[in-house]
Amino acid sequence: MLSVKEAIEVRRSIRHFRPDEVPDKLIEQMLEGARLAPSGSNIQPWRFLVIRDKEVKKELRRICLEQRFMEEAPVVIIDKTTIDYILPVLPKNSSKDRRSSSSAASTCTQGCGG
Ligand SMILES: Cc1cc2nc3c(=O)[nH]c(=O)nc-3n(C[C@H](O)[C@H](O)[C@H](O)COP(=O)(O)O)c2cc1C
């Protein structure tokens, strides 16, 4: 296992992704790790949107100034602050479920095991 120092030193941004499916179990583990981040009074106000939809990822690529990896990654996870910005600009033909912030919240609740 890496020491904290080693983990900090080897960490880097990844901008190319294999198209492999990412299992829900792994996503849940990542969200659980994110949930444990420190927050004021430990209120854990996190909300995450887990995006697999190709059309939505395509739109994210456009919004993110044509950064290809936004579309290439099999899954994109967006935090609440970004969701508030992104939801109004998602494709108009997105389903209500995709565009609703309560959907994002339920994704988090499920993902965080709450
Ligand atoms: C607030 C913030 C925004 C960032 N935005 C982008 C981005 O839009 N595209 C990108 O490729 N990297 C982005 N990065 C990653 C940085 O470019 C990257 O951390 C930096 O180049 C150092 O490289 P490293 O993470 O591999 O050590 C962002 C990092 C932070 C902290």
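The following conversation goes through a predicted model of a single chain with a ligand.

Reader: What does the secondary structure of the chain come to?

Author: The chain has seven helices and two strands. Read from the N terminus, the order of the elements is α-α-β-α-α-β-α-α-α.

Reader: And what pLDDT does the chain average?

Author: The average pLDDT is 81, and 79% of the residues reach at least 70. Among the elements, helix H1 (residues 4–10) has the highest mean, 97, while helix H7 (residues 101–111) has the lowest, 36.

Reader: Over which residues is the pLDDT below 50?

Author: That applies to residues 95–114. In the model, this stretch has 33 contacts beyond near neighbours in sequence.

Reader: Turning to packing, which residues form the largest nonpolar core?

Author: The largest nonpolar core consists of nine residues: Leu31, Phe48, Leu49, Ile51, Val56, Leu60, Met70, Ala73 and Val76. Two elements, strand E1 (48–51) and helix H3 (54–63), each supply two or more of them. Strand E1 gives the most, with three residues.

Reader: How much of the chain is buried overall?

Author: Buried residues amount to 11% of the 114 residues. As for contacts with a separation of 6 or more, 64% of them join residues 24 or more positions apart.

Reader: Let us take Val76 from that core. Where does Val76 lie, and what does it touch?

Author: Val76 is in strand E2. Leaving aside residues up to four places away in sequence, Val76 touches Ile51, Lys57, Leu60 and Met70. From Val76 to Lys57, which is 19 residues away in sequence, the C-alpha to C-alpha distance is 7.6 Å.

Reader: Why does Val76 count as buried?

Author: Val76 is buried because 20 other C-beta atoms lie within 10 Å, and the cut-off for a buried residue is 20 or more.

Reader: What about Pro74: where is that residue?

Author: Pro74 belongs to the loop between helix H4 (69–72) and strand E2 (76–79). Pro74 has 14 C-beta neighbours inside 10 Å, so this proline counts as partly exposed.

Reader: Which residues does Pro74 touch?

Author: Not counting residues up to four places away in sequence, Pro74 touches Phe17, Pro19, Asp20, Glu21, Val22 and Arg52. The C-alpha atoms of Pro74 and Asp53 are separated by 8.8 Å, with these positions 21 residues apart along the chain counted as their separation.

Reader: A change of topic: what surrounds the ligand?

Author: The surrounding residues are Arg12, Ser13, Arg15 and Gln67. By type, this shell holds two polar residues, two charged residues and no nonpolar residue.

Reader: On backbone geometry, what is the phi of Ser41?

Author: Phi of Ser41 is near 55°, a positive value in a residue other than glycine. Most residues other than glycine have a negative phi.

Reader: Where is Ser41, and is it buried or exposed?

Author: Ser41 sits in the loop between helix H2 (24–35) and strand E1. Ser41 counts as exposed because it has 6 C-beta neighbours inside 10 Å, where 12 or fewer is the cut-off.

Reader: And what is the phi of Glu66?

Author: Glu66 also has a positive phi, near 60°, and is a residue other than glycine. Glu66 is in the loop between helices H3 and H4.

Reader: Is Glu66 buried or exposed?

Author: Glu66 counts as exposed, with 9 C-beta neighbours inside 10 Å.

Conventions: Residues are numbered from 1 along each chain as its sequence is written. This is a predicted model: local features need pLDDT of at least 70, side-chain atom pairs count only at pLDDT 80 or more; totals for chains, interfaces and linings use all residues. A residue is near a molecule or strand if its C-beta atom, placed from the backbone, lies within 6 Å of it. Ala, Val, Leu, Ile, Met, Phe, Trp, Tyr, Cys and Pro count as nonpolar, Asp, Glu, Lys and Arg as charged, and the others, Gly among them, as polar. A nonpolar core is a set of buried Ala, Val, Leu, Ile, Met, Phe, Trp, Tyr and Cys residues joined through C-beta atoms within 7 Å. Helices (H or I, at least four residues) and strands (E, at least two) are DSSP runs, numbered from the N terminus. Two residues are in contact if their C-beta atoms, placed from the backbone, lie within 7 Å. pLDDT is the predictor's confidence in each residue, from 0 to 100.
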